[in-house]
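Work through the exercises below with the sequence and the model open side by side. Each task is followed by a solution in steps.

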Amino acid sequence: MKSIIFCTSYIKDAEAWGDRYKLWLDYYQDVPIDAIKRVMIDDGSPFLPPAEVIKTVSNTAPLASEEDSNLIIRFDNNLGRQSIKDYPGWWRSFLHSIDVARELGVDKIIHIESDAYILSPRLVDFINQVQTGWHVLWTEYNDFPETAIQVICRDQFEIFENFKKTNPSLHFADMAEHVLPFTAVHREFKGVSEGVLKVR
């Protein structure tokens, strides 16, 4: 199955790029997750890294001809975060991933947030092998589903698209963990949500 890995991004400055987003990009270039591209879907960041490091394209640009294995797909304006439950910038970037997946013709969307690092070969194998469903992990720290790592397979793409279409305002009454229509929560993988998510 063809896959993409993506994170959402807001890059405040060069330090944020180096300390967070470049680390994520470098890390997942070495982790053996089967993916044709690593993508950052960006909420109108004021800083962008040099094109020789990673190419940036507009969210409206066609992607089919893009040969780079790493891309930033950027919205022109920043929507940001208003409160703990109201974060339209993240939602817009996250929901845009279904459009990216459709345009690139992939069968699987792998969402790994920019502070999430997979340490487990067993989890890598699961991500590579799963072919159906919408999967999230579980965090014992917060005692609810952990959406920093998600795997969304092609059989869920229509559900994803319908979820996006029915929520055009990007404002939700609750956090993503409580409203996303995932089909499976995997407690066998242990996540810790404290700044950097570590999964073993």
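## Exercise 1: the partners of β4

Ser-58 has Arg-74 in β4 as its bridge partner. The model is a predicted one, in which local features need pLDDT of at least 70, side-chain atom pairs count only at pLDDT 80 or more, and totals for chains, interfaces and linings use all residues. Residues are numbered from 1 along each chain as its sequence is written, and side-chain values use heavy atoms, with hydrogens and water left out.

Task: Establish how β4 pairs with strand β3 and with β2, and state how β4 is covered.

Solution.

Step 1. Note the terms: helices (H or I, at least four residues) and strands (E, at least two) are DSSP runs, numbered from the N terminus. Two strands pair if DSSP finds at least two bridges between them.

Step 2. Strand β3 covers residues 55-58 and runs parallel to β4, with four bridges joining the two.

Step 3. β2 also runs parallel to β4, and here the bridges number five. Within β4, Leu-71 is the residue opposite Val-39.

Step 4. Turn to burial, where buried means under 20% relative accessible area, exposed over 50%, and partly exposed in between (1.4 Å probe, protein chains only). In β4 (residues 70-74), five of the five residues are buried. Asn-70, Ile-72 and Arg-74 lie on one side, Leu-71 and Ile-73 on the other.

## Exercise 2: β1 and its neighbours

Task: Find which residues of β1 point each way, and which strands pair with β1.

Solution.

Step 1. Recall that in a regular strand the side chains alternate between the two faces of the sheet.

Step 2. Apply this to β1, which spans residues 3-9. Ser-3, Ile-5, Cys-7 and Ser-9 point one way, while Ile-4, Phe-6 and Thr-8 point the other. Seven of the seven residues are buried.

Step 3. β1 pairs with β2 (residues 37-42) in the parallel sense over six bridges; Thr-8 is placed opposite Ile-41 of β2.

Step 4. β1 also pairs in the parallel sense with β5 (residues 108-112), over four bridges. Lys-108 in β5 is the bridge partner of Ser-3.

## Exercise 3: β5 and the loop after it

Task: Describe the cover and pairing of β5, then place Glu-113.

Solution.

Step 1. β5 is largely enclosed by the rest of the structure, because five of its five residues are buried. One side carries Lys-108, Ile-110 and Ile-112, and the other carries Ile-109 and His-111.

Step 2. Strand β8 (residues 144-153) runs antiparallel to β5, joined by five bridges. Ile-112 has Ile-149 in β8 as its bridge partner.

Step 3. Glu-113 sits in the loop between β5 and β6 (116-118). Its relative accessibility is 10%, so Glu-113 counts as buried.

Step 4. List the contacts of Glu-113, where contact means heavy atoms within 4.5 Å. Leaving out residues up to four places away in sequence, Glu-113 touches Cys-7, Thr-8, Trp-24, Trp-90 and Ala-148. Two of these names, Cys-7 and Thr-8, were met in β1, where they point opposite ways.

## Exercise 4: two single residues

Task: Decide whether Val-185 and Leu-170 are buried, partly exposed or exposed.

Solution.

Step 1. Val-185 belongs to strand β9 (residues 184-194). With 34% relative accessibility, Val-185 counts as partly exposed.

Step 2. Not counting residues up to four places away in sequence, Val-185 touches Val-136, Leu-137, Trp-138 and Pro-145. Trp-134 is 51 residues from Val-185 in sequence, and the C-alpha atoms of the two are 8.8 Å apart.

Step 3. Leu-170 lies in the loop between α4 (157-165) and α5 (176-179). Leu-170 is buried, at a relative accessible area of 14%. Its phi is positive, about 65°, although Leu-170 is not a glycine.

## Exercise 5: the whole chain

Task: Summarise the chain as a whole and judge how compact it is.

Solution.

Step 1. The protein chain has five helices and 10 strands. Its radius of gyration, taken over C-alpha atoms, is 16 Å, close to the 16 Å given for 200 residues by the globule rule (2.2 Å times the number of residues to the power 0.38), so the chain is as compact as a globular protein of that length.

Step 2. Of the 200 residues, 52% are buried.

Step 3. Among contacts between residues at least 6 apart in sequence, 71% join residues at least 24 apart.

Conventions
Contact = heavy atoms within 4.5 Å.
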